[in-house]
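Hi everyone, thanks for coming. I'll take you on a quick walk through one structure, so have a look at it with me.

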Amino acid sequence: MGGASSSISVAEIEDVVSESTGLGDIPESCISFIMKSFDPKEICQLAKVNKTFHRASSADFVWESKLPQSYKFLLNKILGDNNKEDLIRTMSKKEVYAKLCRPNFFDGGTKEVWLDRSSGQVCLFISSKSFKITGIDDRRYWNNIPTEESRFKSVAYLQQMWWVEVLGELDFEFPRGKYSIFFRLHLGKTSNRLGRRVCNLGQVHGWDIKPVRFQLSTSDGQNSLSQCYLSGPGEWTHYPVGDFVIDKPNGPTTIKFSLAQIDCTHTKGGLCIDGAVICPTQNTKQF
């Protein structure tokens with residue numbers, strides 16, 4: 001999708017229009033039809049030409065072509081139950097696109113979703129509060145600590161435990177494409193002192209003895225398993241869990257993912273879990 005698939009550039013459109021006729025003579029519907037072949041950034045540039053181009057750029061069919069098939073599912077997720085049907089009916093497709101491209105919280109603020117502007121695919125951030133974590137209710141082992149380093153304003157912090165197991169599950173309607181999942185983890189407990197970031201590594205131990213196992217499965221039979229040691233204390237790191245592919249976006253797919261270090265020969269501690277990221281595979285370099 002986008003400018004790469006267009007047969008002519010924005011500048012060429014403007015040149016052709018200027019040479020062949022006056023801008024005010026071009027039917028608005030024709031301008032909209034041409035705009036449909038451009039990416040959103042180019043459409044916004046063309047909207048600045050004049051009032052006719054601006055009106056043409058707001059046509060519903062122009063922006064509906066940029067939305068994923070699952071856009072109604074996404075709107076239902078983020079708008080909640082209060083008058084959402086009325087709101088959806090009154091929104092233009094341009095307004096829908098703009099809203100979905102902004103980060104939106106849902107499921108009680110434990111998840112965040114937005115559209116990737118370049119691909120039209122979905123990006124998700126899932127808070128640690130939505131995970132099933134062994135022993136999370138026992139303050140001897142785990143605490144939820146506040147921090148500005150998480151978009152959810154808190155992270156799960158492991159003080160010390162023998163058996164570490166974190167399970168995530170998501171039922172979601174993804175647009176067609178290939179996606180990757182990462183856990184966002186941090187070794188050490190950070191705080192802010194006199195405006196400076198301070199990281200306490202005193203409880204970090206056990207992660208260099210045995211690797212952590214990362215696992216992914218989907219309701220349509222895709223599976224992935226990998227292992228790695230946690231490293232880089234004092235820094236937030238995205239650890240890859242696996243990839244999955246959506247070939248036929250005809251309904252929700254159940255995604256299950258986990259991290260585990262269940263070797264009970266030694267304790268582990270000092271781990272912060274912010275959450276998990278799901279994003280188009282071609283966009284993984286930004287994490």
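Let's begin with some rings. F73, F106, F172, F174, Y179 and F244 come together in one aromatic cluster. Before I go on, keep in mind that what you're looking at is a predicted model.

Now, how many aromatic pairs are there by the rule I used? The count comes to 14. Let me show you one of them, W63 with Y97. Their ring centres are 5.1 Å apart and the planes sit at 40 degrees. A pair counts as stacked under 30 degrees and as edge-to-face over 60, with the rest called tilted, so this pair is tilted. Along the chain, these two are 34 residues apart: W63 belongs to helix α5, residues 60-64, and Y97 to helix α8, residues 93-100, which makes this a link between distant parts of the chain. Are they buried or exposed? Both W63 and Y97 are buried.

While we're in helix α5, find F61, which lies there too. What about its cover? F61 has a relative accessible area of 36%. Buried would need under 20% and exposed over 50%, so F61 is called partly exposed. F61 also joins F33 and I34 in a nonpolar patch on the surface, and together they have about 300 Å² of accessible area.

Back to F73 from the cluster. F73 is one of the buried residues of helix α6, residues 71-79; the others are Y71, L74, L75, I78 and L79. Here's a handy thing to remember: an α-helix has 3.6 residues a turn, so residues three or four places apart point the same way. Right after α6 you get G80, with a positive phi, near 75 degrees.

Y179 was in that cluster as well, and that brings me to the strands. Strand β8 covers residues 177-187, and 10 of its 11 residues are buried. Which strands does β8 pair with? One is β13, residues 236-246, in the antiparallel sense over 10 bridges. The other I'll mention is β15, residues 271-280, also antiparallel, over 9 bridges. If you want to trace this on screen, S180 has D243 as its bridge partner in β13, while F183 has A276 in β15.

Last stop: R184. Look for R184 over the face of W236, at 4.3 Å from the ring centre.

That's my tour, thanks for listening!

How values were computed:
Residues are numbered from 1 along each chain as its sequence is written. This is a predicted model: local features need pLDDT of at least 70, side-chain atom pairs count only at pLDDT 80 or more; totals for chains, interfaces and linings use all residues. Side-chain values use heavy atoms; hydrogens and water are left out. Buried means under 20% relative accessible area, exposed over 50%, partly exposed in between (1.4 Å probe, protein chains only). Helices (H or I, at least four residues) and strands (E, at least two) are DSSP runs, numbered from the N terminus. Two strands pair if DSSP finds at least two bridges between them. Rings of Phe, Tyr and Trp (its six-membered ring) pair if their centres lie within 6.5 Å; planes under 30 degrees apart count as stacked, over 60 as edge-to-face and the rest as tilted. A charge sits over a ring if NZ of Lys or CZ of Arg is within 6 Å of the ring centre and within 35 degrees of the ring normal. Patches are made of residues with over 30% relative accessible area and no salt bridge: like charges are joined within 9 Å, nonpolar side chains (Val, Leu, Ile, Met, Phe, Trp, Tyr) within 5 Å. Accessible areas come from the Shrake-Rupley method with a 1.4 Å probe; for residues, only the protein chains shown count as cover. A salt bridge is a side-chain nitrogen of Lys or Arg within 4 Å of a carboxyl oxygen of Asp or Glu.
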